[in-house]
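Open the model in your viewer and have the selection panel ready. We will start with some groundwork, then go from whole chains to single residues.

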Amino acid sequence: MEELSNEKILIGKLIDELKRKVLDILNIQDISLSDIDNNAPLVGNELGIDSIDILELVTVIEKDYGVRIDNKELGQKVFASFASLAQYIYDNRTLI
Amino acid sequence: MMASEGIFITGSGILNPLGRGHLSTLRSLKNSVRGIRNINLFEVAADQLMPVANIDTPLKIEDGIPRTHALALAAAQDAMEGHRCTPDAIVIGVTTGGMSKSEVLLNSGVKSPKEFAYHGTGTVATYLAKHFSCHGPVFTISTACSSGTVAIKIALELIRQGKANRVLAGGVDALCWFTYFGFLSLQLLDPKGARPLDRDRAGISLGEGAAMFLIERAKNPPPGSVTQVLGGGISCDAYHPTAPHPTGDGALKAMRDAIADAGIDAADIGYVNLHGTATMDNDASEAMALKRLFGDRIPPLSSTKGMTGHSLGAAGAVEFAICSLSVSEGIIPGNIGCMNLDSSLGILPVLKPESRPVKIAMSNSFGFGGNNASVIIGSVDVRPPDRPEAHPRSLQVTGLACLTGAGDMDASFQKFSQGISIAGTLNNEEISKDLSQRYVRRLKRISRMALALATAAHKNAGGGGKPSSIYFGTGWGPLSETYDFLTKLFESDMRFASPTDFINSVHNAPAGQVAMEFKSTGANMTASGGDYSFEQALWISSLLASEKEALLLFGADEMHKELSPLFDPSVALDTTPSDGGGAIMAIATTKPSGPTVTPLVYVMALKDAGWTIMNDLNISDDINAHYGAIFYGIPLAYEEMARNQLTNFLSHSGFRGPVIDYRKYTGQYAASSAVAVVLAIKTIEKGFLSAGLTGTGEVSLGKNGILVMGFGPYCTAIGIHN
């Protein structure tokens with residue numbers, strides 16, 4: 001039980017870290033972290049993120065977490081939402 | 001041009017992964033040789049290894065010359081073999097220029113501008129011009145993967161409109177880190193090699209190549225010529241920086257325009273060489289366009305990129321050569337690489353090479369920025385329809401804008417007209433202050449300049465109709481993106497590259513952004529020939545625009561503190577870092593009224609420049625009866641040579657009015673001529689030059705125009721009239 005809640009806390013932190021990273025890397029200036037729904041789709045919402053941005057995030061995620069997302073099918077699953085992205089990175093990260 | 005004349009291919013050279021020359025290429029096409037294998041040009045980490053199509057043919061490379069130039073020269077020499085003539089003009093499509101050399105130098109920290117003398121895309125065409133002693137217009141097209149095809153269409157128009165009798169035209173690109181790791185970051189390289197039209201296709205195989213053609217007009221087919229250029233069409237999706245239009249609108253328009261231009265019917269086409277890159281999106285969009293064009297009578301077609309790979313700026317020229325072989329040898333090449341045909345596409349390619357007569361073939365090329373081009377090639381016995389004599393058009397100005405170190409056009413003109421410097425640089429936020437942050441968040445410097453210039457010029461024109469075509473000249477393209485892309489790549493030991501920087505680093509990205517903004521689906525041209533890029537864009541607009549077409553012509557260059565002084569020798573010598581650009585909204589017409597811009601002279605530097613310029617200016621009486629002032633630009637790096645040309649011209653012409661050195665005010669950058677043209681138009685509107693500018697007192701222009709001239713490696717003149 002304790003481990004599970006620990007995971008929840010870490011993923012929560014990771015989600016915030018990822019949101020900050022995404023806004024910074026994609027130069028999105030007019031939205032605050034709290035406005036972003038953890039479970040909303042990343043692409044095609046008010047963030048205005050498209051496929052080029054996703055590819056940009058792919059390189060950053062590999063660089064910063066050692067997690068490789070090198071095909072479209074996996075990408076669609078992982079980038080479904082910030083929650084799914086954080087979970088995937090949490091489960092697969094090789095860089096801390 | 002005279003009725004019933006044809007435009008024939010009298011010489012051609014092809015160098016590609018299938019071999020050098022027509023015989024070896026033909027043999028490879030007949031044997032369905034897949035030229036795609038592991039890269040041997042440079043080292044790549046095992047987990048980044050993707051098959052490519054690199055050229056193994058031994059290549060003689062002159063000391064210090066980049067691979068792109070060597071490939072171009074080899075193909076051009078083959079095209080010119082047996083010809084004693086000199087081409088009147090050269091048009092080259094290329095995207096990488098000297099990047100294969102520059103990236104290695106940059107990675108080793110080399111800081112000497114001399115080492116980068118062959119970096120510019122325009123240096124390829126100039127290298128060929130020197131080799132073949134061509135003095136005429138020398139143009140460089142950089143419209144990503146449609147470049148090679150566009151070059152052929154421009155060659156065709158130079159001939160049709162009486163500006164040249166024989167043109168050397170083609171495309172070239174060499175494999176380099178930049179494009180390899182760029183496409184890798186876009187996840188667009190298929191680990192199994194390109195599989196065009198396959199249901200499991202997963203991207204391109206990057207290739208390299210060069211194909212050059214000597215194209216000549218003649219009443220009857222010249223000895224040895226077996227094919228002719230019948231027509232070409234150019235369009236822009238104006239939809240997305242990289243993804244093609246989902247239902248192929250732009251591709252369809254390019255093909256329809258090419259067919260109309262050739263004066264044939266779609267049913268006359270016996271073979272289509274597809275763009276067929278083997279990305280999911282391209283093949284789907286192109287198939288859609290083909291079905292819309294041909295209905296249920298689709299001619300034999302194939303993509304040859306499963307054999308040759310995708311050689312970017314060279315692809316269109318290489319495939320034009322393949323189409324020429326198809327017509328001359330009666331072969332339909334196979335769509336090699338496709339194992340399981342994607343039936344959802346609804347088109348059926350020729351899977352294995354077939355022998356059958358082809359009288360007319362069409363080649364498609366589409367690229368980043370939504371740039372599309374199609375060309376039509378026919379056997380020599382096809383009789384092209386008579387067409388009315390055509391001439392290059394002038395641009396009737398409807399709106400203006402510029403950006404300089406002094407700010408926008410009003411701020412710039414106010415200072416300039418009083419003889420005060422407008423050199424310097426604005427910061428990125430100032431440049432894009434009138435653009436929405438959301439819209440420009442992914443754009444660095446030059447694309448912001450482009451959008452700011454385009455929207456300001458449109459507003460200045462009264463904000464009415466949007467331009468249907470876009471013409472852009474840039475000496476160096478997006479330097480911020482180029483630098484950031486390479487820096488990230490080098491710092492990560494080739495592990496990481498930015499796909500956003502890659503996409504936005506192509507020279508035609510700024511013009512593509514403008515096309516998206518205005519939904520401009522006509523031609524979208526980017527010329528990139530160093531200090532003369534804006535002049536080239538102007539010439540090309542006057543050749544391609546149709547009567548009464550609304551267009552936007554602009555030029556821009558950005559100051560990048562690391563790259564500009566390395567690439568541009570004049571920037572290296574200047575003390576005030578400067579950049580900017582100018583934009584003109586215009587109507588193309590042969591019967592202009594009001595302020596107009598007309599391209600007059602574009603020649604390579606000659607000893608006796610004055611005589612040649614006067615000849616091309618076409619003034620038989622007193623030059624002072626036509627022009628009241630000259631604004632001239634001398635790139636600092638060519639000061640001595642250019643001063644001599646200017647002196648020679650002034651004494652030869654007997655010009656007596658004020659002669660203004662505009663770079664003294666704008667600072668040193670390639671696109672400063674775009675600013676000069678805008679300032680010249682403003683000066684004509686005002687009617688006089690102030691004492692501050694002339695240094696000798698106020699000078700009224702009366703009804704006279706202004707000549708905006710360039711000196712240095714090329715001599716240029718643009719006429720501004722009221």
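A helix on this tour is a DSSP run of H or I with at least four residues, and helices are numbered from the N terminus. With that in mind, select B:Ala515, which sits in helix H17 (residues 509-518) of chain B. We will come back to this residue later. Please remember throughout that you are looking at a predicted model.

**Stop 1: chain A**

Show chain A alone as a cartoon. You should find 4 helices and 0 strands, so the pattern along the sequence reads α-α-α-α, with helices and strands counted as DSSP runs. Rotate the chain along its principal axes, and the C-alpha trace spans about 40 × 30 × 20 Å. The radius of gyration is 13 Å, which agrees with the value near 12 Å for a compact globule of 96 residues.

Now colour chain A by accessibility: 42% of its 96 residues count as buried. The chain exposes about 5400 Å², and carbon and sulfur atoms supply 51% of that area. If you draw contacts between residues at least 6 apart in sequence, 59% of them join residues at least 24 apart.

**Stop 2: chain B**

Bring chain B into view. Here the cartoon shows 25 helices and 25 strands. The radius of gyration of chain B is 24 Å, close to the 27 Å given by the globule rule for 722 residues, so the chain is as compact as a globular protein of that length. The C-alpha trace of chain B extends over about 75 × 60 × 50 Å along its principal axes.

Apply the accessibility colouring here too: 66% of the 722 residues of chain B count as buried. About 23800 Å² of chain B is exposed, with 50% supplied by carbon and sulfur atoms. Among contacts in chain B between residues at least 6 apart in sequence, 80% link residues at least 24 apart.

**Stop 3: two crossing helices**

Select residues 22-30 and 315-329 of chain B, which are helices H1 and H10. At what angle do their axes cross? The crossing is at roughly 80°, and the axes come within 11 Å. That makes H1(B) roughly perpendicular to H10(B), because angles of 65 to 115 degrees are classed that way.

Show side chains at the crossing. From H1(B) come B:His22, B:Thr25, B:Leu26 and B:Leu29, and they meet B:Ile322, B:Leu325 and B:Glu329 of H10(B). By type, the residues of this contact divide into 4 nonpolar, 2 polar and 1 charged.

While you are in H1, pick B:Ser28, which belongs to the helix as well. Is B:Ser28 buried or exposed? With 10% relative accessibility, B:Ser28 counts as buried. Leaving out residues up to four places away in sequence, B:Ser28 touches B:Leu18, B:Val33 and B:Met307.

**Stop 4: a residue that touches chain A**

Go to B:Ile503 in helix H16 (residues 499-505) of chain B. B:Ile503 has a relative accessibility of 3% and therefore counts as buried. Which residues is B:Ile503 in contact with, leaving aside its neighbours within four places in sequence? One of them is A:Ile52, and the others are B:Leu186, B:Pro241, B:Thr242 and B:Ala509. Next, draw a distance from the C-alpha of B:Ile503 to that of B:Phe368: the two atoms are separated by 7.7 Å, although the residues lie 135 apart along the chain.

**Stop 5: back to H17**

Return to B:Ala515. At 0% relative accessibility, B:Ala515 counts as buried. Beyond its neighbours within four places in sequence, B:Ala515 is in contact with B:Cys236, B:Ala238, B:Ile470, B:Ser520 and B:Asn524. A C-alpha distance to B:His240 gives 9.6 Å, for a pair 275 residues apart in sequence.

**Stop 6: two positive phi values**

Most residues other than glycine have a negative phi. Our last two selections are exceptions.

- Select B:Asp493, in the loop between helix H15 (479-491) and H16 of chain B. Its phi is positive, about 55°, although B:Asp493 is not a glycine. B:Asp493 is exposed, with a relative accessible area of 63%.
- Select B:Lys519, in the loop between H17 and strand S16 (524-527) of chain B. Phi of B:Lys519 is also positive, near 55°. B:Lys519 is exposed, with a relative accessible area of 60%.

Technical notes: Residues are numbered from 1 along each chain as its sequence is written. Chains are lettered from A and ligands numbered from 1 in the order in which they are written. This is a predicted model: local features need pLDDT of at least 70, side-chain atom pairs count only at pLDDT 80 or more; totals for chains, interfaces and linings use all residues. Side-chain values use heavy atoms; hydrogens and water are left out. Axes are lines fitted to C-alpha atoms, for helices over the stretch in contact, and angles run from 0 to 180 degrees between N-to-C directions. Angles under 35 degrees count as roughly parallel, over 145 as roughly antiparallel, 65 to 115 as roughly perpendicular and the rest as oblique. Contact means heavy atoms within 4.5 Å. Ala, Val, Leu, Ile, Met, Phe, Trp, Tyr, Cys and Pro count as nonpolar, Asp, Glu, Lys and Arg as charged, and the others, Gly among them, as polar. The radius of gyration is taken over C-alpha atoms; the globule rule is 2.2 Å times the number of residues to the power 0.38. Buried means under 20% relative accessible area, exposed over 50%, partly exposed in between (1.4 Å probe, protein chains only). Accessible areas come from the Shrake-Rupley method with a 1.4 Å probe; for residues, only the protein chains shown count as cover.
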